[in-house]
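Let's take a friendly walk through this structure, one region at a time. Keep the 3D view open as you read.

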Amino acid sequence: MNLQPKTVGFKAGERNVFFHILTGCNLACKHCYINTEQHGSNMLSLATIKRWLNLFSRSNTHLTTGKVQRESPAIQRGTNLILLGGEPTMHPNLSEIISYAKSLQFTVTVDSNGYLFHDLLDKTRPDQLDYLSFSLDGPEPEINDLIRGEGVFQVCTKNIRKAVAAGFTVSLIYTVSNRNIDHLPEMVPLLKELGVFKFFIQVVGLRGHSAAGDRDRNGDSKAWQIMPERWLNVVPQVAANAAQNGIHVVYPKVYLKKGERFECAGLVAENYFIFPNGRVYRCPLCEDHPINELNIVDGRLIKNEGLMEDKFFQLSIPEGCVMNKLLQPGNIQYDQNGIPQHRISCCLLKHEIDPDAD
Ligand code: SF4
Ligand code: SF4
């Protein structure tokens, strides 16, 4: 078994659509990045969701540059669609949305906080939904529920078991922060016991409630941010251990090594982050600001003029990612000559260990 992480580079023509179909949620996680002032608070109707899915569905044309990409295997396979909220299972038509997206040949993932409203498991078949993803931020209630709310661990793990038993391919997202990084190693036996297929480790973004002076939505100032040494000492080892236990692992690269090429996904990949108010971002770090490159207006995708995120993507700086430098500079360390010790990679660049790969 090869446990060496592979960097998953950006592939021309690959399209990932992150679609927030509503922003409402039954939980109030301390690190929630949903910002209704910027993202809207409405729930999109089934008819609107279908229209918007048509805009982003399989096509051999890059949506913003208009360039034709006939040869892309990603386009031949279809496009990845990640249905998000808020809590997407609060949408009463989620199962119809999934079926419609499948008819457009999307590879479909639903990211849920674990509550699975509207009997999702009964209304959707495992062959219609490619991945059902659950968010859990600790291996036990004492850790998870401090971040995500009382009783959440119990509901989430119970529904993971149900989903696995019903034949769904289950993945799990663990958002690593200063508050739970020490408990990441304990996730591996839990994932194994639950029957989770894929483990996404992600780093907390200083957006929404975890931004604003690194305080959470309750004003608690305990820092969320993790220093490079801590990340590098913990995350790769846990990822390797999970893979050794047969779990497919994906985690962000975060720090580029000397000589590694920096690429901004905003320039070389097709990622779209859609919100219910019609804003469409190309970079998740920009989502707290009205600098979205695109908007959906009257059912059409419109490119915004002026100082929008796409202008920032073109800036080249020694620190790597421009938006990271502007929005969360605390995670960059400099030597005595003012040279950054690490360049920060694009937040969308991932490491992957697939225990089933050759
Ligand atoms: S489940 Fe997601 S949307 Fe809901 S509060 Fe938590 S982070 Fe925010
Ligand atoms: S995270 Fe940085 S590098 Fe990645 S798309 Fe955004 S600005 Fe570009």
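By class, the shell around ligand 2 has 11 nonpolar residues, 2 polar ones and no charged residues. The model you are looking at is a predicted one. Altogether 13 residues surround ligand 2, and the closest of them are C264, C283, C321, M323 and C346. Two elements each give two or more residues to this shell: α10 (265-268) and α12 (322-327). The largest share, 3 residues, comes from α12.

Now turn to the other ligand. Which residues surround ligand 1? They are C25, L27, A28, C29, C32, I34, G85, G86, E87 and N113. The table puts the two shells side by side.

| Shell | Nonpolar | Polar | Charged |
|---|---|---|---|
| Ligand 1 | 6 residues | 3 residues | 1 residue |
| Ligand 2 | 11 residues | 2 residues | no residues |

Next, have a look at two helices, beginning with α6, which spans residues 141-148. Its buried residues are I143, N144, I147 and R148. Seen down the axis of α6, these buried residues fall within an arc of 100°, so they line one face of the helix. What do they pack against? Their partner is α7 (152-165). Just after α6 comes G149, which takes a positive phi of about 115°.

Helix α8, residues 187-194, can be read in a similar way. Here M187, V188 and L191 are buried. They cover an arc of only 100° around the axis, which puts them on the same side of α8. The buried residues of α8 pack against two strands, β6 (170-176) and β7 (198-203), and against helix α9 (228-244). After α8 you will find G195, whose phi is positive, near 85°.

Finally, what about the interior? In soluble globular proteins, nonpolar side chains tend to be buried together. In this model, the largest nonpolar core has 78 residues. Which of its members touch the most other members? They are A239, A242 and V249. Take A242 as an example: leaving aside residues up to four places away in sequence, A242 touches V188, L191, F199, I247 and V249. Two of these names should look familiar, since V188 and L191 are buried residues of α8. Try finding A242 in the 3D view and then picking out its contacts V188 and L191.

Technical notes: Residues are numbered from 1 along each chain as its sequence is written. Chains are lettered from A and ligands numbered from 1 in the order in which they are written. This is a predicted model: local features need pLDDT of at least 70, side-chain atom pairs count only at pLDDT 80 or more; totals for chains, interfaces and linings use all residues. A residue is near a molecule or strand if its C-beta atom, placed from the backbone, lies within 6 Å of it. Ala, Val, Leu, Ile, Met, Phe, Trp, Tyr, Cys and Pro count as nonpolar, Asp, Glu, Lys and Arg as charged, and the others, Gly among them, as polar. A nonpolar core is a set of buried Ala, Val, Leu, Ile, Met, Phe, Trp, Tyr and Cys residues joined through C-beta atoms within 7 Å. A residue is buried if 20 or more other C-beta atoms lie within 10 Å of its own, exposed if 12 or fewer, and partly exposed in between; C-beta atoms are placed from the backbone. Two residues are in contact if their C-beta atoms, placed from the backbone, lie within 7 Å. Helices (H or I, at least four residues) and strands (E, at least two) are DSSP runs, numbered from the N terminus. The arc is that of the directions from the helix axis to the C-beta atoms.
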